[in-house]
Amino acid sequence: MPLLRPQLPTGPHYGILAEFATPADLYHACERVRDEGFTRWDAHTPFPVHGLDKAMGLRRSLLPWIVLAAGLTGAAGGFVLQWWVHASAYPLVISGKPYFAWPAMIPITFELGVLFAAFGAVLGMFALNRLPMHYHPLFKSKVFDRVTDDAFFISIESWDPRFDPTATGKLLESLGARSVELLES
Amino acid sequence: MTAEHDRVALRAEQATIPPGHSWNRMPVIGAVCALLGIVICAILGAGNPKQFFFSWLVSFLFFLSLALGALFFVLIQYAAQGGWGIVLRRIGETTFAMIPVMAALFLPLVLGLSDLYSWAVPGAAEQDALLRWKAPFLNVPFFLIRAAVYFGIWSFIAVLYYRGSRGQDVTGDPGVSARLRKFAGPSIMVLAVTQTLASVDWIMSLTPHWYSTMFGVYFFAGSFVGFIALLSVVAPAMRRAGLLDTVISAEHLQDIGKLLFAFTVFWTYIAFSQFFLMWYGNMPEETIWYRERMEASWMTVSIFLMVGHFVAPFFYLMGRAVKRRNSTLAVGGAWLLAMHYVDLYWQVMPTLHPEGIRPSVLDVAALIAIGGCFVAAASWLMRRQALVPLRDPRLAESLAFENA
């Protein structure tokens, strides 16, 4: 399945990793990288930094539409299943109600809507992020260990059309990076 | 932190209605509407007092529920130390400051208790074993005492919070916020109990044989949706009129929209749960209330309520862009305000017209009369005050608020 296969740049270099000291430094660096026209890059932080999606120029995620579609599928599926069972396949009189007693079907319709929406949210997120991914070239960097602790990173991948091993590194240094590292694939 | 507190986040002239602004005419417009409504009510009501009292009750409950919803909105923000909504709090405070006005507008109903409530007809208890059993609670003197107690408690809380907040505009004392936060938790509990009892007294006892243990929550859910819907209309209207247009941002509108969406779903959840258990259990003393509303043209209203108070707003308010624009949020708010009125109408009117829905000029007249008083008094207050709590310690946080 191509969705589940990690998409990584080919060639000798994975890309360039730059470390920043504070969220503010990272934020402003992201704005510049965005304005330089880079497209294949990412920011890595130990905690959510508000507004970083705007600074990176990220488009809105497709995920809400996946969740809506999954939720409606679940709700419709739950309702149709109950209708089919109770009113068509095996009609039984239960406590004097009509075969097609729609109010009784609402709780399960609702629950299946919520369940499928939750599946859509989690699995959709995994698919869009190409997870699970067990290995990533960024893990070769020693300083990158601190991404879950107290350091902030920008990585620019080598297959970005504007990528150049030296010029891109210089750019990141000029944006206030504490360290810049060229990573192998 | 102190530097942020001392800094003036907003100048007073950014947050007041400037002289000559068209909104300065609102008290007069409201008063004219009120007068017109009262005159029509007096002329037509004299010939049909029963219809008048029911129409008045629906409109009274509509505006009272907005004020109670506003009180909850402000209390919950104090209790949770909410920051985002400080710029909207004065709208809420102005709305719940109308509670004493609503107390005055309750008085006409006192004259019509025996027209409204079958248990209040003299001698009713002697004919009816169940009413005799309920008489220690459902009798006219105790009913009036309870009404006085509810309005006393609500007015006390309303005045406490309104005065506190207005006083802070002058003194800038952050201790006011701390003190009001301490009272917020107990006030919410007291509000929950009194609002539940009031809904039992004023709406549920219209059908005195019927009872629902969920009715108080149902009334609360409706009242909170009602106030958030009002906020969804007023905040965009103010922005468009050039009031607070630099203060209330699209971020605030989006959060109002989220609350409106969430509590529309909450209302549906409560409304359906109440219906579902009674429908499923099928006990005559419980189903009687729904039976009235599932016959003749009341069934049409029931379905309209289901679609209009849930399905349509659910999908309309789901998206992000709809909540962030003045016009689209205001449309959603105005629609749900109307639906809240239909909801109350559907709760009250089948007692008077079990044969089917019978709209009356008096419905409109009562709505204009009470609505006119409400708008006149609220906009009169707005002219005399800053439109946001100018020196609340969290104002800067609210001004800078952004959705993640």
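In this predicted model, B:Asn282 occupies the loop that links helix 12 (250–281) to helix 13 (284–293) of chain B. The backbone there has a positive phi, near 60°, in a residue other than glycine. B:Asn282 counts as exposed because it has 11 C-beta neighbours inside 10 Å, and a residue is classed as exposed at 12 or fewer. B:Gln81 presents a similar case for inspection. This residue lies in the loop between helix 3 and helix 4 (86–96) of chain B, and its phi is near 55°, again a positive value outside glycine. With 11 C-beta neighbours inside 10 Å, B:Gln81 is therefore also counted as exposed. Most residues other than glycine have a negative phi, and most peptide bonds are trans.

An exception of the peptide-bond kind is found in chain A. A:Leu131 and A:Pro132 are joined by a cis peptide bond, with omega about 0°. A:Pro132 belongs to the loop between helix 4 (102–128) and strand 3 (152–157) of chain A.

From these loops the account turns to the interior. The largest nonpolar core comprises 109 residues, and B:Ala67, B:Leu71 and B:Ile228 are the members that touch the most others. The greatest contribution to this core comes from helix 3 (residues 49–79) of chain B, which supplies 21 residues. A second core, separate from this one, has 22 residues, among them A:Ala18, A:Val33, A:Phe152 and A:Ile154. Returning to B:Leu71, its contacts outside the four nearest places in sequence on either side are B:Phe96, B:Trp154, B:Ile157, B:Ala158 and B:Leu191.

Confidence in chain B can be considered next. The mean pLDDT of chain B is 93, and 98% of its residues reach 70 or more. Among its elements, helix 16 (residues 326–348) has the highest mean pLDDT, 97, and helix 1 (residues 2–6) the lowest, 45. Over residues 1–6 of chain B, pLDDT stays under 50, and the model has three contacts beyond four places in sequence for this stretch. For the model as a whole, ipTM is 0.82 and pTM is 0.91.

Chain A contains five helices and four strands, arranged from the N terminus in the order β-α-β-α-α-α-β-α-β. Its overall dimensions depart from those of a compact globule: for 185 residues such a globule would have a radius of gyration near 16 Å, but chain A has 24 Å. Along the principal axes, the C-alpha atoms of chain A fill a box of roughly 80 × 35 × 30 Å. Of the 185 residues of chain A, 24% count as buried. Among contacts in chain A with a separation of 6 or more, 80% join residues 24 or more positions apart.

Strand 3 of chain A offers a clear view of the buried part of this chain. Six of its six residues are buried. One side carries A:Phe152, A:Ile154 and A:Ile156, the other carries A:Phe153, A:Ser155 and A:Glu157, and both faces are covered. Two other strands pair with strand 3. Strand 1 (residues 13–20) of chain A runs antiparallel to strand 3 and is joined to it by six bridges; in this pairing A:Ile16 stands opposite A:Ile156. Strand 2 (residues 41–44) of chain A also pairs with strand 3 in the antiparallel sense, over four bridges, and here A:Asp42 stands opposite A:Ser155.

The helical side of this region can be followed through A:Ala29, a residue of helix 1 (residues 23–36) of chain A. A:Ala29 counts as buried because 22 C-beta neighbours lie inside 10 Å, where 20 or more are required. Beyond residues up to four places away in sequence, A:Ala29 touches A:Phe20, A:Ile154, A:Leu175 and A:Gly176. Of these, A:Ile154 is also a buried residue of strand 3. By comparison, A:Asp160 is 131 residues from A:Ala29 in sequence, and their C-alpha atoms are 17 Å apart in space.

Finally, the two chains meet in a contact formed by eight residues from chain A and seven residues from chain B. On the side of chain A that touches chain B, four residues are nonpolar, four are polar and none is charged.

Key:
Residues are numbered from 1 along each chain as its sequence is written. Chains are lettered from A and ligands numbered from 1 in the order in which they are written. This is a predicted model: local features need pLDDT of at least 70, side-chain atom pairs count only at pLDDT 80 or more; totals for chains, interfaces and linings use all residues. Ala, Val, Leu, Ile, Met, Phe, Trp, Tyr, Cys and Pro count as nonpolar, Asp, Glu, Lys and Arg as charged, and the others, Gly among them, as polar. A nonpolar core is a set of buried Ala, Val, Leu, Ile, Met, Phe, Trp, Tyr and Cys residues joined through C-beta atoms within 7 Å. pLDDT is the predictor's confidence in each residue, from 0 to 100. The radius of gyration is taken over C-alpha atoms; the globule rule is 2.2 Å times the number of residues to the power 0.38. Two strands pair if DSSP finds at least two bridges between them.
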